[in-house]
Amino acid sequence: MLVGYSSSSEEESEAATAQNTSCSRQFREEDDGEGDYPARKKAKTEEQVPKTSRLPLPGCLLAMFPEDADPQAEDSTLHGGRLRTFKHERGNWATYVYLPYHPEEEFRDLLEELLSVAKAHGVTLSAQEEFHLSLSQTVVLRHHWIQPFTQSLQAGLVHCKRFVCSAGRLRVYCNAERTRTFVGMEACTGHAHLLNLVQAVDRTMTEFRLATFYKDPSFHVSLAWCVGDMTEQMEECMKKLQSVVDEHEDGPFQLRLDCAELRCRTGNKMFRFPLEQ
């Protein structure tokens, strides 16, 4: 089944200036200040978080924001053929909110088998560099919005509790620009909890006049992708791919997502928001 979705938003807005500092639970930030931008005041936390090394930018964000000084960054062949979906402007930060998935060896073995089956049917897929379940669209955030944006997220998530969800059904997805096709594993439990998190995230997006999440979301973990609109080719082998999942050596494979921490990545900065136990 094809589900079309937009992987980005180009909507610009006025920055919200209200800051909420009364939340009892504090988020953690992993940060490396970029030389291109002035230093900013760190968000207050209960414990001082040591500065960490620079986080590697995911390939999808590298493709969105190539550096002006590096003409090679404009070459899509250097990013697996991926095309950036944002017009590059210094000070714009691609931002999205998600739940991380930490794969085990069993999952990686299954993924290799899925890629092999897809290739035998004429579709060459590339495994995702990291695995997560999205709770927002990818939006453009101005650098000086980062602190109030993350503080707003923190305030909205203060009463959200941890939970576990699982996924096992494969689906085909294509971005709105029809430039990339994905195979994802759709969540089959925890839907109500996921919607509660989306509502909290959407409130922050609305506050900053950014695009909210999809009206009828298909919560999923993307497994692999390919360049272009390959939905027809993928649909032709979906039954075979699903049989690989269902006939796994120890029974039908179920991806288990421990939803204990929500994250927000903006550029090369990542903010962690632990959920209540």
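**Entry 1: Thr-95**

I started with Thr-95, which sits in strand β3 (residues 92-101). Helices here are DSSP runs of H or I with at least four residues, strands are runs of E with at least two, and both are numbered from the N terminus. This is a predicted model, in which local features need pLDDT of at least 70 and side-chain atom pairs count only at pLDDT 80 or more, while totals for chains, interfaces and linings use all residues. Residues are numbered from 1 along each chain as its sequence is written, and side-chain values use heavy atoms, with hydrogens and water left out.

Is Thr-95 buried or exposed? I found it buried, because its relative accessibility is 0%. Buried means under 20% relative accessible area, exposed means over 50%, and partly exposed is in between (1.4 Å probe, protein chains only).

Next I looked up the polar contacts of Thr-95. A polar contact is a pair of N or O atoms within 3.5 Å; within protein, one must be able to donate a hydrogen and the other to accept it, and residues adjacent in sequence count only if both atoms are side-chain atoms. The side chain of Thr-95 has the backbone oxygen of Trp-93 at 3.0 Å, and its polar contact with the side chain of Thr-266 is 2.8 Å. Setting aside residues up to four places away in sequence, I noted that Thr-95 touches Gln-137, Thr-138, Val-139, Leu-141, Phe-149, Cys-264, Arg-265 and Thr-266. Contact means heavy atoms within 4.5 Å.

**Entry 2: helix α3**

Phe-149 took me on to α3, where it is one of the buried residues. I call α3 largely enclosed by the rest of the structure, because 9 of its 11 residues are buried. Those residues are Ile-146, Gln-147, Pro-148, Phe-149, Thr-150, Gln-151, Ser-152, Leu-153 and Gln-154. Their cover includes β3, β6 (139-142), α4, β11 (261-266) and β12 (269-274).

I picked out Ser-152, which belongs to helix α3 (residues 146-156). Ser-152 counts as buried because its relative accessible area is 12%. Beyond its neighbours within four places in sequence, Ser-152 is in contact with Thr-204, Glu-207 and Phe-208.

**Entry 3: the whole chain**

I then stepped back and counted 6 helices and 12 strands in the protein. Of its 277 residues, 54% are buried. Among contacts with a separation of 6 or more, 79% join residues 24 or more positions apart.

**Entry 4: the nonpolar core**

Which residues touch the most other members of the largest nonpolar core? They are Leu-99 and Leu-135, in a core of 62 residues. Helix α2 (residues 105-120) gives the most to this core, with 7 residues. A nonpolar core is a set of buried Ala, Val, Leu, Ile, Met, Phe, Trp, Tyr and Cys residues joined through side-chain atoms within 4.5 Å. In soluble globular proteins, nonpolar side chains tend to be buried together.

Not counting residues up to four places away in sequence, Leu-99 touches ten-odd side partners that I jotted down by name, including Leu-135, Phe-163, Leu-194, Leu-257 and Cys-259.

**Entry 5: cavities and α6**

I looked for enclosed space and found 2 cavities of 30 Å³ or more. The largest cavity has a volume of about 40 Å³. For the lining of this cavity, α2 gives the largest share, 4 residues. Its lining consists of Leu-111, Leu-114, Leu-115, Ala-118, Leu-125, Val-183, Leu-223, Ala-224 and Leu-241. A cavity is a set of points, on a 1 Å grid over the protein atoms alone, where a 1.4 Å probe fits but cannot get out, and lining residues have an atom within 4 Å of a point. Grid points are joined across faces, edges and corners, and a volume is the space filled by probe spheres set on the points.

Leu-241 is also among the buried residues of helix α6 (residues 238-246). The cover over the buried residues of α6 includes α2, β7 (163-175), β8 (180-187) and α5 (231-236).

**Entry 6: two positive phi values**

I found Arg-178 in the loop between β7 and β8, with phi near 60°. Arg-178 is partly exposed, because its relative accessibility is 34%. Arg-209 has phi of about 55° and lies in the loop between α4 (191-207) and β9.

**Correction to Entry 4**

I strike my loose wording "ten-odd side partners": the residues that Leu-99 touches, beyond four places in sequence, are His-132, Leu-133, Leu-135, Phe-163, Leu-194, Leu-197, Leu-257, Cys-259, Glu-261 and Leu-262.

Conventions. On a 1 Å grid over the protein atoms alone, a cavity is a set of points where a 1.4 Å probe fits but cannot get out, and a pocket is an open set with protein on both sides within 12 Å along at least five of seven lines; lining residues have an atom within 4 Å of a point.
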